[in-house]
Amino acid sequence: MTVNNQPAYERIMAEKAQQSGQLQAHSLTSLAQREIERMILGGEFTPGERINENALAIQLGISRGPVREACRALAAMGLVQLVPNRGVFIRVISEGEAREVYEMRAGIFGYAGMLLAPRITDDQLAYLSLLVEQMEGAAQANDFDRYYPPNLTFHDYLVSATNNQCLISTYHDLVRQLHLFRTHGLVAGNGMLESNREHREIVEALAARDPQHAFNAMASHVNAGQRRALGDITSRH
């Protein structure tokens with residue numbers, strides 16, 4: 001009986017080993033993707049810079065395969081560009097492309113406000129108001145490093161609170177692409193103070209439970225961010 005079942009047993013074990021190897025490869029690819037994305041959004045790579053897959057694999061302590069797969073996934077997200085026979089480069093977004101992405105983001109962010117306004121809770125409003133106060137203190141001190149984390153949390157919380165997974169995923173993809181543009185715009189002039197005044201208007205619109213007012217406030221905030229960011233880029237040229 002044991003002898004007759006041996007081939008089946010070996011086949012099952014081989015299948016399990018294969019599945020285990022596939023899971024491990026998938027886990028390493030996910031790890032590499034998260035780390036490369038963090039490095040890009042953290043400014044460790046600059047737009048147009050080439051990613052050295054071998055060096056990155058050594059740095060992460062993994063083989064080159066998961067790094068290559070991670071780069072393909074990041075290309076699909078719009079963060080990197082795969083250039084045949086040359087390698088992987090951090091994507092450079094043109095001013096025209098940035099405007100298009102901002103237009104998309106304004107519509108999606110506004111729609112998030114329309115969804116959220118009728119059902120937002122007092123606790124959620126209190127949390128948003130707390131973030132606004134934190135940003136106000138940082139903006140008054142012109143402290144961008146202190147301003148930026150609650151700023152990211154504020155926007156992410158508004159979108160996540162809709163519980164619309166398709167909207168959330170699409171919004172996050174757009175934000176990733178606009179990351180560098182947005183940071184420059186907030187620093188310029190009174191960008192932080194202006195942006196936070198718009199945050200207050202958003203909270204007020206949501207507190208009124210007015211979907212149209214919330215849509216207008218949130219879409220207008222993104223459009224104003226576009227003017228600040230792209231205007232700053234134009235002035236530096």
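## Close-up views of a predicted model

**View 1. Two rings share helix α6.** F144 and Y148 both lie in helix α6. They are four residues apart, about one turn of the helix. The model shown here and in every view is predicted. The ring centres of F144 and Y148 are 5.1 Å apart, and their planes meet at 25°. That angle is under the 30 degrees limit, so the pair counts as stacked. Y148 is buried, with a relative accessible area of 10%.

**View 2. An aromatic pair links helices α4 and α7.** The structure holds three aromatic pairs. One of them joins F109 and Y171, with ring centres 5.6 Å apart. Their planes lie at 20°, so this pair is stacked. The pair connects distant parts of the chain. F109 sits in helix α4 and Y171 in helix α7, 62 residues apart. Are these two residues buried or exposed? F109 has 0% relative accessibility and counts as buried. Y171, at 2%, is buried as well.

**View 3. The largest nonpolar core gathers residues from several helices.** This core has 41 residues. Which of them touch the most other members? They are F109, L128, F154, L158, I202 and L206. Six elements give two or more residues each: α4 (95-116), α5 (122-140), α6 (144-160), α7 (165-187), α8 and α9. Helix α4 gives the most, with nine residues. In soluble globular proteins, nonpolar side chains tend to be buried together.

**View 4. F109 and its surroundings.** Neighbours within four places in sequence are left aside here. F109 is in contact with H155, L158, V159 and Y171. Its contacts also include I202, M218, H221 and V222. A second core lies separate from the largest one and has 18 residues. Among its members are F45, I51, A70 and V80.

**View 5. Helix α8 from end to end.** Helix α8 covers residues 191-207, 17 in number. From its first C-alpha to its last it reaches 24 Å. That is close to the 24 Å expected at 1.5 Å a residue. Which residues of α8 are buried? They are G191, M192, S195, N196, E198, H199, I202, V203, A205 and L206. Of these, I202 and L206 return from View 3, where they are among the core residues that touch the most other members. Just after the helix, R209 takes a positive phi of about 55°.

**View 6. Q226 in helix α9.** Q226 has its place in helix α9, which spans residues 211-236. Its relative accessible area is 11%, so it is buried. What does Q226 touch, not counting residues up to four places away in sequence? Its contacts are R99, Y102, E103 and G231.

**View 7. A hairpin of strands β2 and β3.** Strand β2 (residues 80-83) and strand β3 (residues 87-90) run antiparallel. Four bridges join them. V83 has G87 in β3 as its bridge partner. Three residues lie between the strands of this hairpin. In the turn, N85 has a positive phi of about 65°.

**View 8. Two cysteines.** A disulfide is a covalent bond between the sulfur atoms of two cysteines. How many does a search of the whole structure find? The count is zero. C71 has 1% relative accessibility and counts as buried. C166 is exposed, with a relative accessible area of 58%.

Definitions and conventions. Residues are numbered from 1 along each chain as its sequence is written. This is a predicted model: local features need pLDDT of at least 70, side-chain atom pairs count only at pLDDT 80 or more; totals for chains, interfaces and linings use all residues. Side-chain values use heavy atoms; hydrogens and water are left out. Buried means under 20% relative accessible area, exposed over 50%, partly exposed in between (1.4 Å probe, protein chains only). Contact means heavy atoms within 4.5 Å. The expected span of a helix is 1.5 Å times one less than its number of residues. Two strands pair if DSSP finds at least two bridges between them. A nonpolar core is a set of buried Ala, Val, Leu, Ile, Met, Phe, Trp, Tyr and Cys residues joined through side-chain atoms within 4.5 Å. A disulfide is a pair of cysteine sulfur atoms within 2.5 Å. Rings of Phe, Tyr and Trp (its six-membered ring) pair if their centres lie within 6.5 Å; planes under 30 degrees apart count as stacked, over 60 as edge-to-face and the rest as tilted.
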